[in-house]
Amino acid sequence: MTDDSESSAKLLADTQTHLVAPGAAVLRMQMTPRRDGTFDGAWWPRSRNLETQLPDLIRALTERLGPLARIGLDASAWDVHTRHVIVDGHMVRIDWSAVDDSTMLITRGRQDIFSFLLLPPQTDASAARAAMARAVQDGNSASAAEILSATGITST
């Protein structure tokens, strides 16, 4: 069993100045009055094991956004494809797609959707920081593929 301080999702406002513990999943969100960029945040899980990565992400997002209803994920990015996950007594539905577009959609309520850049687990730390910063930049109109390409990240 790993120490929670090393395995839990870290919600960081600034990934440039905060140290990231080895094995920690990193979540970066930018909450602004206007949501005019492509992404509301970025997530850098540290493995393709959904069962170990998703609960801490859900806890971090629930703390920031309130209860989540659904998470949309690309099937090719994960080893396990479950239909839902229960975290702290709350069930969150998992919607799977085969789009392979390096994005994750979070639904809160019926129509409130947040879009996240999803980084591959093997991503280099400096490239991950650059991609996360670009994803949450106000007015960013770049797609996930454009951000990954610009920061030298490959999806495999």
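**Salt bridges in a predicted model**

In this predicted model, Asp88 and Arg59 form a salt bridge, with their closest N and O atoms 3.1 Å apart. The two residues are 29 residues apart: Asp88 sits in the loop between β5 (84-87) and β6 (90-97), and Arg59 in helix α2 (residues 50-65).

Reader: Why is the contact of Asp88 with Arg59 called a salt bridge?
Author: The rule asks for a side-chain nitrogen of Lys or Arg within 4 Å of a carboxyl oxygen of Asp or Glu. The closest N and O atoms of this pair are 3.1 Å apart, so the pair meets the rule.

Reader: How many salt bridges does this rule give?
Author: The count comes to 5 salt bridges.

Reader: Is Asp88 buried or exposed, and how do you know?
Author: Exposed means over 50% relative accessible area. Asp88 has 63% and is therefore exposed.

Reader: Why is Arg59 described in other words, as partly exposed?
Author: Its value is 36%. Partly exposed covers the range between under 20% and over 50%, so Arg59 belongs there.

Reader: What makes Asp95 and Arg70 a salt bridge?
Author: Their closest N and O atoms are 3.4 Å apart, which is within 4 Å. Asp95 lies in strand β6 and Arg70 in strand β4 (residues 70-74), so the pair ties together parts that are 25 residues apart in sequence. Asp95, at 23% relative accessibility, counts as partly exposed, as does Arg70 at 33%.

Reader: How do you know that Asp112 and Arg108 meet in a salt bridge?
Author: The N to O distance is 2.2 Å, again within 4 Å.

Reader: Which residues do salt bridges with shared partners join into one network?
Author: They join Asp56, Arg59 and Asp88.

Note on methods
Residues numbered from 1 in each chain as written. Predicted model: local features only at pLDDT ≥ 70, side-chain atom pairs only at ≥ 80, totals over all residues. Heavy atoms only, no water. Helix = DSSP H or I, 4+ residues; strand = E, 2+ residues; numbered from the N terminus. Buried < 20%, exposed > 50% of the residue type's maximum accessible area, 1.4 Å probe, protein only.
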